[in-house]
Amino acid sequence: MNGHHLAVHVLITAVGMRVTPHFIGAEPARIADGPQAGRRLLGPEEDLARELVTDLGAGRRAKAVFAAAPPEDILIRADPFADPALLPAGLPHEDMTPRQRRLLEGLVRRYLDRAPAAYAQECWSDAVARGLETLSFAWAGGLVPGDRHYYCVRAPDFLIEYDNTQDDGNHAHSVWRHVRHDWGADLLRAHYTEQHH
């Protein structure tokens with residue numbers, strides 16, 4: 001059985017849709033046996049990040065990897081507000097090679113594309129308008145598949161976290177949160193401003 005937990009906050013108004021906080025967990029992260037043996041619900045999220053961190057040369061990797069041992073869980077789990085400043089600074093997008101930048105951008109798109117297409121594109125367009133150089137990537141833990149590990153992506157408007165640390169690295173969590181859009185706060189604010197003077 002795969003999946004384990006899903007928590008997606010959805011708010012739909014006449015103005016638009018918001019889907020953050022957005023959390024997906026998988027236990028097991030990799031199915032060991034049976035007809036679905038080897039299946040990994042969050043496999044692409046793990047593989048893209050690992051490809052990025054292992055592509056980094058020693059100097060860049062030293063800046064991206066903030067700890068040899070990963071945290072036990074996502075770092076913002078008890079934070080009611082999305083605050084990218086709670087995450088490690090990591091390696092900035094602008095300090096990466098073109099290939100590494102593409103990997104980071106692909107990782108971000110993987111999370112955004114969990115949302116309906118129009119909202120995913122809105123979030124990506126906002127990130128591009130802000131400047132992709134504002135993105136950064138950080139990693140902790142082992143680099144080999146099966147090692148316990150954690151990573152995060154910081155941006156001014158959103159954050160992404162992923163960990164696969166519990167059950168000997170076979171229990172994954174992933175979260176995408178948006179500073180302005182979390183819990184639909186911006187749409188609710190617009191509604192109350194326009195409809196309830």
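Arginine 180 forms a salt bridge with aspartate 157, with the closest N and O atoms 3.3 Å apart. The pair ties together parts 23 residues apart in sequence, because arginine 180 lies in the loop between strand E10 (172-178) and helix H5 (185-195), and aspartate 157 in the loop between strand E8 (149-154) and strand E9 (158-164). A salt bridge here is a side-chain nitrogen of Lys or Arg within 4 Å of a carboxyl oxygen of Asp or Glu. Helices (H or I, at least four residues) and strands (E, at least two) are DSSP runs, numbered from the N terminus.

This is a predicted model, in which local features need pLDDT of at least 70, side-chain atom pairs count only at pLDDT 80 or more, and totals for chains, interfaces and linings use all residues. Residues are numbered from 1 along each chain as its sequence is written, and side-chain values use heavy atoms, with hydrogens and water left out.

The two partners differ in burial class. Arginine 180 is partly exposed, with a relative accessible area of 37%. Aspartate 157 is buried, at 8%. Buried means under 20% relative accessible area, exposed means over 50%, and partly exposed lies in between (1.4 Å probe, protein chains only).

**Salt bridges**

The whole structure holds 15 salt bridges. Three of them are set out below.

| Pair | Closest N and O atoms |
|---|---|
| Arginine 180 and aspartate 157 | 3.3 Å |
| Glutamate 46 and arginine 50 | 3.0 Å |
| Aspartate 113 and arginine 109 | 3.8 Å |

Glutamate 46 and arginine 50 are four residues apart in helix H1 (residues 43-55), so about one helical turn separates them. Glutamate 46 is buried, with a relative accessible area of 8%. Arginine 50 is buried too, at 7%. Both belong to a network of salt bridges that links Arg40, Glu46, Asp47 and Arg50.

The bridge between aspartate 113 and arginine 109 has other surroundings. Aspartate 113 is partly exposed, with a relative accessible area of 46%. Arginine 109 also counts as partly exposed, at 24%. The C-alpha atom of arginine 109 is 9.2 Å from that of glutamine 121, 12 residues away along the chain. Glutamine 121 sits in helix H4 (residues 117-130). At 37% relative accessibility, glutamine 121 counts as partly exposed.

**The cavity**

Rolling a probe the size of a water molecule over the atoms shows where empty space is left. On a 1 Å grid over the protein atoms alone, a cavity is a set of points where a 1.4 Å probe fits but cannot get out; lining residues have an atom within 4 Å of a point. Grid points are joined across faces, edges and corners, and a volume is the space filled by probe spheres set on the points.

By this rule there is one cavity of 30 Å³ or more. The largest cavity encloses about 40 Å³. Its lining is made of Ala127, Arg130, Thr134, Leu135, Ala155, Pro156, Asp157 and Phe158. Asp157 thus appears both in this lining and in the salt bridge with arginine 180. By class, the lining has five nonpolar residues, one polar and two charged. Ala, Val, Leu, Ile, Met, Phe, Trp, Tyr, Cys and Pro count as nonpolar, Asp, Glu, Lys and Arg as charged, and the others, Gly among them, as polar.

**A nonpolar surface patch**

Leu6, Val8, Val10 and Ile12 make a nonpolar surface patch of about 380 Å². Patches are made of residues with over 30% relative accessible area and no salt bridge, and nonpolar side chains (Val, Leu, Ile, Met, Phe, Trp, Tyr) are joined within 5 Å, like charges within 9 Å. The areas come from the Shrake-Rupley method with a 1.4 Å probe; for residues, only the protein chains shown count as cover. Isoleucine 12 is in strand E2 (residues 11-12). At 60% relative accessibility, isoleucine 12 counts as exposed.

**Backbone features**

Which peptide bonds are cis? The bond from threonine 20 to proline 21 is one, with omega near 5°. Proline 21 is placed in the loop between strand E3 (17-18) and strand E4 (22-26). Another cis bond joins glutamate 27 and proline 28, where omega is about 5°. Proline 28 lies in the loop between E4 and H1.

Two aspartates have positive phi. Aspartate 167 has phi near 50°, a positive value in a residue other than glycine. Aspartate 168 has phi of about 55°, and is not a glycine either. Aspartate 167 lies in the loop between E9 and E10, and aspartate 168 is placed in the loop between E9 and E10 as well. Aspartate 167 is partly exposed, with a relative accessible area of 44%. Aspartate 168 is exposed, at 70%.

Terms used
On a 1 Å grid over the protein atoms alone, a cavity is a set of points where a 1.4 Å probe fits but cannot get out, and a pocket is an open set with protein on both sides within 12 Å along at least five of seven lines; lining residues have an atom within 4 Å of a point.
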